[in-house]
Amino acid sequence: QVQLVESGGGLVQAGDSLRLSCAASGRAFSSTDMGWFRQAPGKERVIVAAITGSGITTYYPDSVKGRFTIPRDNAKNTVYLQMNSLKPEDTAVYYCAARPSGSNPLRIRDGDAYDYWGQGTQVTVSS
């Protein structure tokens, strides 16, 4: 069992930066792939960033590429979502997710591949 606790959400203005944190417990963190997803009202949950346990492979969809990064600190069992140049369309509830590292790193982009989810944190970007 993995427990995930997100923090760092809030209300910011367009163009600002924000960093979300996700603290994990209950499993060897360095062998755990991590992802960040978001869900806006009335929309499906989508991935915004993912990283393998080793940190070698990352994934970003085009919508956030160049603006978001997903650093991880295996010594602190924590993964971050650094969000820069925020836009109103980034407004959503952001979720952290975890899965045991697998043989196919490309699966980190698939929400269905994740076994554990955090409670979510709201990010609101005003124009």
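Let's start from the outside: the protein exposes about 6,300 Å², and carbon and sulfur atoms supply 46% of that area. Please keep in mind throughout that this is a predicted model. Buried residues make up 43% of the 127 residues in the protein. As for overall dimensions, the C-alpha atoms fill a box of roughly 40 × 25 × 25 Å when it is taken along the principal axes. A compact globule of 127 residues would have a radius of gyration near 14 Å, and the value for this protein, 13 Å, agrees with that.

Now follow the chain itself. The protein has 0 helices and 12 strands, so a walk from the N terminus on reads simply β-β-β-β-β-β-β-β-β-β-β-β. The contacts reach far along the sequence: among those between residues at least 6 apart, 60% join residues at least 24 apart. The next stops on our tour give concrete cases of such links.

Take the disulfide to begin with. A search of the whole structure finds 1 disulfide, and it is formed by Cys22 and Cys96, with their sulfur atoms 2.1 Å apart. Which hand does this disulfide have? The torsion about the S-S bond of Cys22 and Cys96 is about -75 degrees, so the disulfide is left-handed. Cys22 belongs to strand β3 (residues 18–25) and Cys96 to strand β10, so the pair ties together parts that are 74 residues apart in sequence. Cys22 has a relative accessible area of 0% and is therefore buried. For Cys96 the relative accessible area is also given as 0%, so this partner counts as buried too.

From Cys96 it is worth stepping across to Tyr116, which has its place in strand β11. Tyr116 and Cys96 are 20 residues apart in sequence, while their C-alpha atoms are 8.4 Å apart in space. If we leave aside the neighbours within four places in sequence, Tyr116 is in contact with Gln1, Val2, Leu4, Cys96, Ala97 and Ala98.

Next come the aromatic residues. The structure holds 3 aromatic pairs. A pair of aromatic rings is described by the distance of the centres and the angle of the planes. With that in mind, look at Phe37 and Tyr114: their ring centres are 5.3 Å apart and their planes stand at 80 degrees, so the pair is edge-to-face. Phe37 sits in strand β4 (residues 32–39), whereas Tyr114 is in the loop between β10 (92–100) and β11 (116–117), so this pair ties together parts 77 residues apart in sequence. Both Phe37 and Tyr114 are buried.

Phe37 also pairs with Trp117. What is the geometry of the rings of Phe37 and Trp117? Their centres are 4.9 Å apart and their planes are at 55 degrees, so the pair is tilted. Here again distant parts of the chain are linked, with Phe37 in strand β4 and Trp117 in strand β11, 80 residues apart. Phe37 has a relative accessible area of 2%, so it is buried; Trp117, by contrast, is partly exposed, because its relative accessible area is 28%. Taken together, Phe37, Tyr114 and Trp117 form one aromatic cluster.

Two arginines also deserve a look for the rings beneath them. The charged end of Arg45 sits over the ring of Phe37, at 5.7 Å from its centre, which brings us back to a residue of the aromatic cluster. Elsewhere, Arg72 lies over the face of Phe29, 4.3 Å from the ring centre.

Finally, turn to the backbone. Most residues other than glycine have a negative phi. Asn77 has a positive value, with phi near 55 degrees. Asn77 is found in the loop between β8 (72–73) and β9 (78–83), and its relative accessible area of 27% makes it partly exposed. Ser85 is another such residue: it is not a glycine, yet its phi is positive, at about 50 degrees. Where is Ser85? This serine lies in the loop between β9 and β10. With a relative accessible area of 42%, Ser85 is partly exposed.

Conventions. Residues are numbered from 1 along each chain as its sequence is written. This is a predicted model: local features need pLDDT of at least 70, side-chain atom pairs count only at pLDDT 80 or more; totals for chains, interfaces and linings use all residues. Side-chain values use heavy atoms; hydrogens and water are left out. Rings of Phe, Tyr and Trp (its six-membered ring) pair if their centres lie within 6.5 Å; planes under 30 degrees apart count as stacked, over 60 as edge-to-face and the rest as tilted. Helices (H or I, at least four residues) and strands (E, at least two) are DSSP runs, numbered from the N terminus. Buried means under 20% relative accessible area, exposed over 50%, partly exposed in between (1.4 Å probe, protein chains only). A charge sits over a ring if NZ of Lys or CZ of Arg is within 6 Å of the ring centre and within 35 degrees of the ring normal. The radius of gyration is taken over C-alpha atoms; the globule rule is 2.2 Å times the number of residues to the power 0.38. Contact means heavy atoms within 4.5 Å. Accessible areas come from the Shrake-Rupley method with a 1.4 Å probe; for residues, only the protein chains shown count as cover. A disulfide is a pair of cysteine sulfur atoms within 2.5 Å.
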